Amino acid sequence: MKITIRYMAALRDRMGQSECVLDLPDTITDSAALTAHLRAADPAAEALEHPSIRLIRNDEIVAKPVALETGDTLAFCPPFTGG
Amino acid sequence: MARITVTVSSFPIACGDLLDRLAGDDADCGGVASFTGQVRAEPGLVALELEHYPGVTEDALTRIARSAADQWSLHQAIIHHRVGRMELGEVIVFVAASAPHRRAALDATAYMIDMLKTDAPFWKRVHTQAGSHWVEARDTDREAAAFWTDTLASEDA
């Protein structure tokens, strides 16, 4: 399953990249499994599991965990600080 | 149906022009309220920088404005948010509402600015003389949004 991952704002600095495309094992079917997979490869990804992190899947703000399908774009977002 | 205007732009916000669009535009409206948020001078602060998630941001702001319009029977709701770099004193956000009575316009304006702080994907970065850092979300902002969520839920119950 191919997923595009985006890291927003402070998470972009933390992860050292803004976007990547991953070819994931079939066992990863939701965002919780994805973050565990990312953390196993990079300890910095522990930040993605913080309860305050919001998710945007295919241009829609979604609740965690969210199911993933091939071709999805999933953005990890720190808490919003506009206004 | 209320008229909703949502804008996200890197250009300076012409608050006076936006307010003029509401005031005097509709004789059935007895109240027009607005909030203007601007870059506050703090020790060492040079500028703020706002980034957002294009497309998702506009959808979130439209949802907030439409929710306010439905809840308080607004005639118009405006949310205009700037992104990019802003110097001290420059306007970051302008929110306004028009309604038949002042209380509805005032409450709707407070609701929109409180909700957009927690529900619209903007991120604020502070540039100081010593360097730059991302602004962390504040508990007071979360509490302000929760106040409206709780209040409107109890009114619906």
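Analyst: A crossing of two helices is left-handed if the near helix is turned anticlockwise from the far one by less than a right angle, and right-handed if clockwise. The structure discussed here is a predicted model: local features need pLDDT of at least 70, side-chain atom pairs count only at pLDDT 80 or more, and totals for chains, interfaces and linings use all residues. Residues are numbered from 1 along each chain as its sequence is written, while chains are lettered from A and ligands numbered from 1 in the order in which they are written.

User: Which hand has the crossing of α3(B) and α4(B)?

Analyst: By the rule just stated, the crossing of α3(B) and α4(B) is left-handed. Helix α4 of chain B spans residues 139-156 (helices are DSSP runs of H or I with at least four residues, strands runs of E with at least two, both numbered from the N terminus).

User: Why are α3(B) and α4(B) called oblique?

Analyst: They pack at an angle of about 125°, with their axes 8 Å apart. Axes are lines fitted to C-alpha atoms, for helices over the stretch in contact, and angles run from 0 to 180 degrees between N-to-C directions. Under 35 degrees counts as roughly parallel, over 145 as roughly antiparallel, 65 to 115 as roughly perpendicular and the rest as oblique. The angle of about 125° belongs to the rest, and α3(B) and α4(B) are therefore oblique.

User: Which residues make the contact of α3(B) with α4(B)?

Analyst: Among them are B:Tyr111, B:Met115 and B:Asp119 of α3(B), and B:Arg142 and B:Trp148 of α4(B). Contact requires C-beta atoms, placed from the backbone, that lie within 7 Å. By class there are 5 nonpolar, 1 polar and 5 charged residues; Ala, Val, Leu, Ile, Met, Phe, Trp, Tyr, Cys and Pro count as nonpolar, Asp, Glu, Lys and Arg as charged, and the others, Gly among them, as polar.

User: What makes α2(B) roughly antiparallel to α3(B)?

Analyst: Helix α2 (residues 56-72) and helix α3 (residues 102-119) of chain B pack at about 155°, with axes 9 Å apart. This angle is over 145, so α2(B) is roughly antiparallel to α3(B). Their crossing is right-handed. Contact residues include B:Ile64 and B:Trp72 of α2(B) and B:Ala108 and B:Met112 of α3(B). By class, this contact has 12 nonpolar, no polar and 2 charged residues.

User: How do you know which strands are the edge strands of the sheet β5-β3-β7-β8 of chain B?

Analyst: That open sheet of 4 strands has antiparallel pairing, where two strands pair if DSSP finds at least two bridges between them. Strands β5 (84-87) and β8 (131-134) each pair on one side only, which is the mark of an edge strand. The twist averages 25° from one strand to the next. Strand β7 (residues 122-128) pairs with β8(B) over 4 bridges, and the bridge partner of B:Arg125 in β8(B) is B:Trp134.

User: What makes β1 and β2 of chain A a pair?

Analyst: β1 (residues 2-7) and β2(A) share 5 bridges in the antiparallel sense, which satisfies the minimum of two. In β2(A), A:Val21 is the bridge partner of A:Thr4.

User: How do you know whether the radius of gyration of chain B agrees with that of a compact globule?

Analyst: The rule is 2.2 Å times the number of residues to the power 0.38, and the radius is taken over C-alpha atoms. For 157 residues a compact globule would have a radius near 15 Å; chain B has 16 Å, which agrees. Its C-alpha atoms fill a box of roughly 50 × 35 × 30 Å along the principal axes.

Definitions and conventions: Contact = placed C-beta atoms within 7 Å.
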